[in-house]
Amino acid sequence: MIASESFLHDTVDVAKLDLLVSHPNGTSTKIEKIGNTNLSNSLTLFDVFVVPDFNVNLLPMHKVCKDSMCEVVFNEHSCKI
(Lines give C-alpha, C1' and ligand atoms only; values in the text may rest on other atoms or scores of the structure.)
Protein backbone atom coordinates (compact mmCIF):
# COMPACT_ATOMS: atom_id res chain seq x y z
CA MET A 1 0.00 0.00 0.00
CA ILE A 2 1.25 3.43 -0.91
CA ALA A 3 -0.05 6.94 -0.39
CA SER A 4 0.66 8.30 -3.88
CA GLU A 5 0.19 6.85 -7.33
CA SER A 6 3.34 8.60 -8.57
CA PHE A 7 5.31 5.35 -8.14
CA LEU A 8 2.82 3.23 -10.12
CA HIS A 9 2.17 2.26 -13.72
CA ASP A 10 -0.75 0.40 -15.28
CA THR A 11 -3.14 1.91 -12.72
CA VAL A 12 -6.84 1.20 -12.51
CA ASP A 13 -9.21 3.62 -10.77
CA VAL A 14 -11.25 1.61 -8.25
CA ALA A 15 -12.63 4.55 -6.21
CA LYS A 16 -16.23 3.84 -7.27
CA LEU A 17 -15.99 0.27 -5.90
CA ASP A 18 -15.71 1.57 -2.32
CA LEU A 19 -12.93 -0.88 -1.39
CA LEU A 20 -11.71 -0.29 2.16
CA VAL A 21 -8.55 -1.05 4.12
CA SER A 22 -8.87 -1.45 7.88
CA HIS A 23 -6.39 0.17 10.25
CA PRO A 24 -5.26 -1.50 13.47
CA ASN A 25 -7.12 1.19 15.46
CA GLY A 26 -10.45 0.05 13.97
CA THR A 27 -10.90 2.83 11.40
CA SER A 28 -11.08 2.24 7.65
CA THR A 29 -9.98 4.19 4.60
CA LYS A 30 -10.69 3.94 0.91
CA ILE A 31 -8.49 2.37 -1.79
CA GLU A 32 -8.45 4.82 -4.70
CA LYS A 33 -6.39 2.97 -7.33
CA ILE A 34 -4.54 -0.29 -7.91
CA GLY A 35 -1.40 -0.57 -10.02
CA ASN A 36 2.08 -1.99 -10.40
CA THR A 37 5.43 -0.60 -9.26
CA ASN A 38 9.02 -1.39 -10.18
CA LEU A 39 11.31 -1.69 -7.17
CA SER A 40 14.26 -2.38 -9.48
CA ASN A 41 14.90 -3.46 -13.08
CA SER A 42 14.21 -7.06 -12.12
CA LEU A 43 11.59 -6.63 -9.37
CA THR A 44 7.99 -5.56 -10.02
CA LEU A 45 5.20 -5.62 -7.46
CA PHE A 46 1.72 -6.17 -8.84
CA ASP A 47 -1.67 -5.04 -7.49
CA VAL A 48 -0.35 -2.30 -5.20
CA PHE A 49 -3.12 -0.32 -3.45
CA VAL A 50 -3.12 3.49 -3.51
CA VAL A 51 -4.46 4.68 -0.15
CA PRO A 52 -4.10 8.49 -0.01
CA ASP A 53 -5.00 8.64 3.69
CA PHE A 54 -1.89 6.62 4.59
CA ASN A 55 1.14 8.56 5.84
CA VAL A 56 3.58 5.75 5.02
CA ASN A 57 4.19 3.18 2.31
CA LEU A 58 3.90 -0.45 3.39
CA LEU A 59 5.91 -3.20 1.73
CA PRO A 60 4.86 -6.73 2.77
CA MET A 61 7.83 -9.02 2.41
CA HIS A 62 5.68 -12.04 1.52
CA LYS A 63 4.42 -10.10 -1.53
CA VAL A 64 7.97 -9.25 -2.60
CA CYS A 65 8.85 -12.94 -2.44
CA LYS A 66 5.70 -14.04 -4.25
CA ASP A 67 5.94 -11.49 -7.09
CA SER A 68 9.67 -11.94 -7.67
CA MET A 69 10.08 -15.60 -6.73
CA CYS A 70 12.92 -14.78 -4.34
CA GLU A 71 13.54 -15.19 -0.65
CA VAL A 72 14.28 -12.61 2.00
CA VAL A 73 16.77 -13.49 4.71
CA PHE A 74 17.05 -11.44 7.90
CA ASN A 75 19.91 -11.84 10.30
CA GLU A 76 21.40 -9.70 13.03
CA HIS A 77 23.80 -7.92 10.65
CA SER A 78 21.94 -7.38 7.39
CA CYS A 79 18.91 -7.98 5.23
CA LYS A 80 19.43 -9.58 1.83
CA ILE A 81 16.88 -9.94 -0.97
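This passage walks through a predicted model of one chain, from its overall make-up to its strand pairing, salt bridges and backbone angles.

Some ground rules come first. Because the model is predicted, local features need pLDDT of at least 70 and side-chain atom pairs count only at pLDDT 80 or more, while totals for chains, interfaces and linings use all residues. Residues are numbered from 1 along each chain as its sequence is written, and side-chain values rest on heavy atoms, with hydrogens and water left out.

The chain holds 1 helix and 7 strands, where helices (H or I, at least four residues) and strands (E, at least two) are DSSP runs numbered from the N terminus. Read from that end, the order is β-β-β-β-β-α-β-β. Taken along the principal axes, the C-alpha atoms fill a box of roughly 40 × 30 × 20 Å. Of the 81 residues, 25% are buried; here buried means under 20% relative accessible area, exposed over 50%, and partly exposed in between, with a 1.4 Å probe and protein chains only. The exposed area of the chain is about 5,900 Å², and carbon and sulfur atoms supply 54% of that. These areas come from the Shrake-Rupley method with a 1.4 Å probe, and for residues only the protein chains shown count as cover.

As for contacts (heavy atoms within 4.5 Å), take those in the chain with a separation of 6 or more: 36% of them involve residues 24 or more positions apart. On the charge side, there are 6 positive and 10 negative charges, and their mean positions are 3 Å apart. That tally treats Lys and Arg as positive and Asp and Glu as negative, without His or the chain ends; each charge is placed at NZ of Lys, CZ of Arg, CG of Asp or CD of Glu.

Strand pairing, which requires at least two DSSP bridges between two strands, brings strand 4 into play twice. Strand 4 (residues 33-40) runs antiparallel to strand 5 (residues 43-50), with 6 bridges joining them, and the two form a hairpin with 2 residues in between. Along this hairpin, Ile34 has Phe49 as its bridge partner, and Thr37 is partnered by Leu45. Strand 4 is also joined to strand 1, again antiparallel, by 3 bridges; in that pairing His9 stands opposite Asn36.

Lys33 belongs to strand 4 as well. Leaving aside neighbours within four places in sequence, Lys33 touches Glu5, Val12, Asp13, Val14, Val48, Phe49 and Val50. The C-alpha atoms of Lys33 and Val14 are 5.1 Å apart in space, although 19 residues separate the two in sequence.

Side chains of opposite charge can pair when their charged atoms come close. With a salt bridge taken as a side-chain nitrogen of Lys or Arg within 4 Å of a carboxyl oxygen of Asp or Glu, the count is 2. In one of them Glu5 pairs with Lys33, and the closest N and O atoms are 2.9 Å apart. Glu5 sits in the segment before strand 1 (9-13) and Lys33 in strand 4, so this pair ties together parts 28 residues apart in sequence. Glu5 counts as partly exposed because its relative accessibility is 35%.

The side chains of Lys30 and Asp18 also meet in a salt bridge, at 3.2 Å from N to O. This pair, too, links distant parts of the chain, 12 residues apart: Lys30 is in strand 3 (residues 28-30), and Asp18 is in the loop between strand 1 and strand 2 (20-22). Lys30 has 27% relative accessibility and so counts as partly exposed.

Backbone angles bring Asp18 up again. Most residues other than glycine have a negative phi. Asp18, however, has a positive phi near 55°, and Asp47 has one of about 60°. Asp18 is in a loop, whereas Asp47 lies in strand 5. With 51% relative accessibility, Asp47 counts as exposed.

Asp47 also turns up in the surroundings of the helix. Lys63, a residue of helix 1 (residues 61-68), is in contact with Leu45, Phe46 and Asp47 once neighbours within four places in sequence are set aside. Lys63 and Val48 are 15 residues apart in sequence, with 9.9 Å between their C-alpha atoms.
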